[in-house]
Amino acid sequence: MKHLMTALTIVGLLLSMSSGAQVPEDGQTSRELGILLEAPESRAELIARGEAVYEYWCNACHGPEMLKPGTAALAIKYQGALPAALTERTDMVPEFVEQMVRQGISMMPFFRPTEVSNADLGALTAFLTDNSGD
Ligand code: HEC
């Protein structure tokens, strides 16, 4: 009985070690999202990933509602010449999105690679530029 208990304890310990949140050390994904990013196998997968990153980090300020500070600021900036919601824009290029995310602008904070990893930023720009140039 004692051996059985010991064996069960060890199995339990091993399980808890291996089933913990997958937080890779390689900077491949956002720690906060806690999901291991396998290299996306298709563009659709990349864009879906970008959308998840956007929902997590950007939507609070850039959601379509005019009350959101990013959306409200861009409505004032563009005065209707461009959509205020980032997801409705068709003019964005990856370099612009990358610069805004890494450097911030006005009241928008910048995001470090430990927050939005380079891989996540790649997915994010793919998502935000997906309907550009149509
Ligand atoms: C705390 C609120 C906040 C968060 C979070 C935020 N933004 Fe912003 N963002 C803003 C504001 C406000 C502006 C407008 C700044 C200005 O020009 O006055 C802005 C501007 C931008 C612009 C420039 C658009 C243009 O045409 O001038 C881009 C691109 C952008 N944000 C992308 C993002 C992305 C991508 C994320 C998520 C990683 C994000 N933002 C997260 C508040 C935010």
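Reader: Leaving aside its neighbours within four places in sequence, what is L124 in contact with?
Author: In this predicted model, L124 is in contact with G50, V53, Y54, V97 and V116, once its neighbours within four places in sequence are left aside.

Reader: And which residues touch the most other members of the largest nonpolar core?
Author: That core has 15 residues, and the ones touching the most other members are V53, W57, V101, V116, A123, L124 and L128, so L124 belongs to this group, as do V53 and V116, which are also among the contacts of L124.

Reader: Which elements give two or more residues to this core?
Author: Those elements are α2, which covers residues 43–57, together with α5 and α6. The largest share comes from α6, which supplies 6 residues.

Reader: Is there a general background to a core like that?
Author: In soluble globular proteins, nonpolar side chains tend to be buried together.

Reader: OK, on to the helix pair: at what angle do α5 and α6 pack?
Author: Helix α5, residues 94–103, and helix α6, residues 118–128, pack at an angle of about 130°, and their axes are 9 Å apart. That angle makes α5 oblique to α6, because it falls outside the ranges that count as roughly parallel, antiparallel or perpendicular, the last of these being 65 to 115 degrees and antiparallel being over 145.

Reader: Is the crossing left-handed or right-handed?
Author: The crossing of α5 and α6 is right-handed.

Reader: Which residues meet there?
Author: From α5 there are P94, V97, E98 and V101, and these meet L121, L124, T125 and L128 of α6. By class, the contact of α5 with α6 has 6 nonpolar residues, with 1 polar and 1 charged residue besides.

Reader: Switching to the loop between α5 and α6, where I had R112 in mind: is R112 buried or exposed?
Author: R112, which lies in that loop, counts as exposed, because it has 10 C-beta neighbours inside 10 Å, and a residue with 12 or fewer falls in that class.

Reader: How far apart are R112 and V101 in space?
Author: Measuring from C-alpha to C-alpha, R112 and V101 are 8.4 Å apart, while in sequence they are separated by 11 residues.

Reader: Last one, for the whole protein: how many helices and strands are there?
Author: The protein has 6 helices and 0 strands, and the order of its elements from the N terminus is α-α-α-α-α-α. Of its 134 residues, 22% count as buried. Among contacts with a separation of 6 or more, 53% are between residues 24 or more positions apart.

Terms used:
Residues are numbered from 1 along each chain as its sequence is written. This is a predicted model: local features need pLDDT of at least 70, side-chain atom pairs count only at pLDDT 80 or more; totals for chains, interfaces and linings use all residues. Axes are lines fitted to C-alpha atoms, for helices over the stretch in contact, and angles run from 0 to 180 degrees between N-to-C directions. Helices (H or I, at least four residues) and strands (E, at least two) are DSSP runs, numbered from the N terminus. Angles under 35 degrees count as roughly parallel, over 145 as roughly antiparallel, 65 to 115 as roughly perpendicular and the rest as oblique. A crossing is left-handed if the near helix is turned anticlockwise from the far one by less than a right angle, and right-handed if clockwise. Two residues are in contact if their C-beta atoms, placed from the backbone, lie within 7 Å. Ala, Val, Leu, Ile, Met, Phe, Trp, Tyr, Cys and Pro count as nonpolar, Asp, Glu, Lys and Arg as charged, and the others, Gly among them, as polar. A residue is buried if 20 or more other C-beta atoms lie within 10 Å of its own, exposed if 12 or fewer, and partly exposed in between; C-beta atoms are placed from the backbone. A nonpolar core is a set of buried Ala, Val, Leu, Ile, Met, Phe, Trp, Tyr and Cys residues joined through C-beta atoms within 7 Å.
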